[in-house]
Amino acid sequence: MNRLRELREARHLNQQRLAMEFNITQAAISKYELGLSEPDIHMLKKMADYFHVSIDYLTEFSDCPTQCFKSDLPIQELNLINKFRRMDYLQKEKTLAYMQGLLQE
């Protein structure tokens, strides 16, 4: 589950800390990330809730972090929104500041 690793790293968590959040072992997290084992549906729900993403996104059935919706936004804008949602707080702040700088005339 590459997404699990991506989401964990985006929050600056190590495997041990994430394992503590779910009351499982660090070895279980490692096996999930390496594809040696798969979490059951109850664990998938906990993980999706914890990271505020859909189970489809977590299991890589979708590239949409949350429940996808039909939108009239161009795909580039939707991709930017999805990337922004995956950022941690500091990354979001830096991005917003950079955008403000670009928009100043």
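Contact here means heavy atoms within 4.5 Å. The model shown is predicted.

**View 1. Helix 2 crosses helix 4.** Helix 2 spans residues 15-22, and helix 4 spans residues 41-51. Their axes come within 11 Å. The crossing angle is roughly 110°. That makes the two helices roughly perpendicular, because angles of 65 to 115 degrees fall in that class. The crossing of helix 2 and helix 4 is right-handed.

**View 2. Side by side, the residues where helix 2 and helix 4 meet.** Helix 2 contributes L18, E21 and F22. Helix 4 contributes M43, K46, M47, Y50 and F51. By class, six residues of this contact are nonpolar and two are charged. No polar residue takes part in the contact of helix 2 with helix 4.

**View 3. H52, a residue with positive phi in the loop after helix 4.** H52 sits in the loop between helix 4 and helix 5, the latter covering 55-58. Phi of H52 is near 60°, and the residue is not glycine. H52 has 60% relative accessibility, so it counts as exposed; the cut-off for exposed is over 50%.

**View 4. E60, a residue with positive phi in the loop after helix 5.** E60 lies in the loop that links helix 5 to helix 6 (75-86). Its phi is near 65°, again a positive value in a residue other than glycine. The relative accessible area of E60 is 42%, so E60 is partly exposed. That class lies between the limits of 20% for buried and 50% for exposed.

Definitions and conventions: Residues numbered from 1 in each chain as written. Predicted model: local features only at pLDDT ≥ 70, side-chain atom pairs only at ≥ 80, totals over all residues. Heavy atoms only, no water. Axes fitted to C-alpha atoms, helices over the stretch in contact; angles between N-to-C directions. Helix = DSSP H or I, 4+ residues; strand = E, 2+ residues; numbered from the N terminus. Parallel < 35°, antiparallel > 145°, perpendicular 65-115°, else oblique. Left-handed = near helix turned anticlockwise from the far one by under 90°. Nonpolar A, V, L, I, M, F, W, Y, C, P; charged D, E, K, R; others polar. Buried < 20%, exposed > 50% of the residue type's maximum accessible area, 1.4 Å probe, protein only.
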